[in-house]
Amino acid sequence: MLCYDFFAMSNLEISKIFRNVAASYIIKNEKKFRFQIIAYQNASEIIKNLTSSLYETYKLGKLSEIPGIGQTIKSHLEELFKTGKVRHFNWVFKGIPNSVFILMEIPSLGPKKAFKLVKKFKLTNSDTVINDLKKISHLGKIAKMEGFGKKSEASLIRSINEYENQAGKLKKMNLPYALETANKIIEYLKRNEFVDQIEVLGSLRRKKETVGDIDIAISSKNPRSVIEYFIKYPFIERVIEKGRVSASILIFGGVQVDLMIQPRESYGSLLQHLTGSKEHNIKLREVALKKGLSLSEYGIRKAMKHKNILKTYDTEKKFYNAIGLEFIPPELRENNGEIELSMANMLPKLVELKDIKGDLHIHSSYPIEPSHDLGHDSIESILKKAALLNYEYIGFSEHNPSISKHTEKQIYEILAKRNDFIEHKIESIKNVRVFKLLEVDILPNGNLPINNSTLNLLDGVIVSVHTSFNLSRDKMTKRILNALLNPKAKILGHPTGRLLEERLGYELDWDLIFDFCNRNKKAIEINSWPKRLDPPPEIIKKGVENNVKFIINTDSHALEQMDLMKYGIYMAKRGWATKNDILNCLSYNKIYSWLKGGE
DNA sequence: GCCGTTTTCGGCCCGACTGTTTTCAGTCG
């Protein structure tokens, strides 16, 4: 069917269309369309970062609930979904070959340069445009163009090569990898005598699930020496740029590292500036402007008059206070309402790692003959580790025994035997209490593979989807609600099934899920596994607003993975959760009575 | 083209760096 193509249009594709609309306006008349450009760029970013499908949102009639999408863009989207095209965009794109947008993928090529090159050399074949440009650049023809030169030609050749080498592996880093990479660079920089204070900023400090590049801030009296030292980093591939107060390098593995330096007295404004997010900073500067203040990484000036008087701030707290705001935790800085709340001193007190009293999703090596993978370490060693982490309790939740290889009676016996084993081992580690749980598959029809008399051996179960991921939103929601209907099903494990940079999660009707969880005292897991970090913080935030309870688990399959709890905490913070929203901040007794069907 | 607890009209963040320029354009964050 013809209409299938645009129904299937992904958020990413639509985001690109909007980016191209903005680029076309830049090419046509940047001044005249200045604000349309901002609006479309903004919409493009927002759509790229949405956690649910734009098309689903359209079908539900909720497009106008998305910030950044107003009347005009909404009607363009409706036209796109109904007819597969937008007449207005056809006008915007007129005279601009598609190959321009392909060239823009190359770093250092923006809309204007890309358009100039396409026009000059008639590079209108989208499939070959990059190769065509590469050939031309080697002929020395670009250096002769107005506005270009020998240096820009050479840098273009390098950019094309880098782009071609990177193509296909343009994936972002997961948090642990990014943190480790950043720490190595920090260790190196700290050995320079002129480095005073130093910190990792950007999305890494905000604890985004994936990180594109590494931002580092330094306070120093001698930025020149620090930058010279920075570009001698042993694992450097090349210097991207190098200036008075900042520099960027590319290190092995294709990771970009940005460095900014300020004197100690301006360090607070530098931290604020480089932590972002971009959206947070823009909003913050708009708010400040209305109070007659102009913000930058240097400090605060009075807007308009007295442009030359700069007040500096050595800490972020002082900087925020100077605008009349309370300090905003980095995890909240996404322009999701944190600025408005901080003006009213109403920011939530976010959950901390030290608030966690136990971990309810651990796979031990106990021979449970599971449907999926077994854990690596023994129940006993896990209990010892839990004691080291000062946990009050722990939940063993191996995958359910496989139903294809066992009879119902055998499954019952395996679990009865595990109960005996656990109860015996508890004797040795008295200070850590144990919950006897299980991670049970949710079958495609929403049933559980384990019968109720066997489930009754357990304190409770985590139910998770491990197969048939591509059901419709409706069917998947029903499937999960059906599983949660079982009185023993207490926790919904890794609720969207997403794998970062690999697989999008399935769509769910969260309003229904939240409502059901509230009425039936079910909890939603925040899975700390760095590849999952599931659900996305945006969903956690919605849940928190709806008073839904969450449990932060590690889903550990080995001892050292029990330390991954901090990543779940990061996500909870990004989702605005306080310790009251997180069930495993409760004592053993409270969790016990919740599992037994109490409060 | 979006948006609103001083606004439904009149605003819209701020600066670094490179390369081509001799005062600025383009790109990036």
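**Close-up views of a predicted protein–DNA model**

**View 1. Where the protein meets DNA strand B.** Of the strand B atoms that lie within 4 Å of the protein, 75% are sugar or phosphate atoms, and the rest belong to bases. Please keep in mind that this is a predicted model. DNA strand B has 42 residues around it, and those that come nearest are Gly-68, Gly-70, Gly-149, Arg-285 and Tyr-298. Sorted by class, this surface holds 16 polar, 15 nonpolar and 11 charged residues.

**View 2. Phosphate contacts at close range.** Here we zoom in on the phosphates of DNA strand B. Gly-70 takes part through its backbone, with an N or O atom 2.7 Å from a phosphate oxygen. Lys-112 uses its side chain instead, where an N or O atom is 2.8 Å from a phosphate oxygen. Glu-286 places a polar side-chain atom 2.9 Å from a phosphate oxygen.

**View 3. Elements that build the DNA-facing surface.** Helices 3, 5, 8, 10 and 15, together with strands 5 and 8, each supply at least two residues of the surface near DNA strand B. The largest share, 5 residues, comes from helix 15, which spans 278-290.

**View 4. A three-stranded parallel sheet.** This open sheet runs in the order 11-12-13, with parallel pairing. Strand 11 (358-362) and strand 13 (433-436) each have a single partner strand, so one side of each is left without a neighbour in the sheet. From one strand to the next, the twist averages 20°. Strands 12 and 13 pair over 4 bridges, and Gly-395 has Phe-435 in strand 13 as its bridge partner. Helix 25 (residues 588-595) packs on the sheet and touches strands 11, 12 and 13, with its direction at about 15° to that of strand 13.

Methods:
Residues numbered from 1 in each chain as written. Chains lettered and ligands numbered in written order. Predicted model: local features only at pLDDT ≥ 70, side-chain atom pairs only at ≥ 80, totals over all residues. Heavy atoms only, no water. Near = heavy atom within 4 Å. Polar contact = N/O pair within 3.5 Å; in protein donor to acceptor, adjacent residues only side chain to side chain. Nonpolar A, V, L, I, M, F, W, Y, C, P; charged D, E, K, R; others polar. Pairing = 2+ DSSP bridges. Axes fitted to C-alpha atoms, helices over the stretch in contact; angles between N-to-C directions. Contact = heavy atoms within 4.5 Å.
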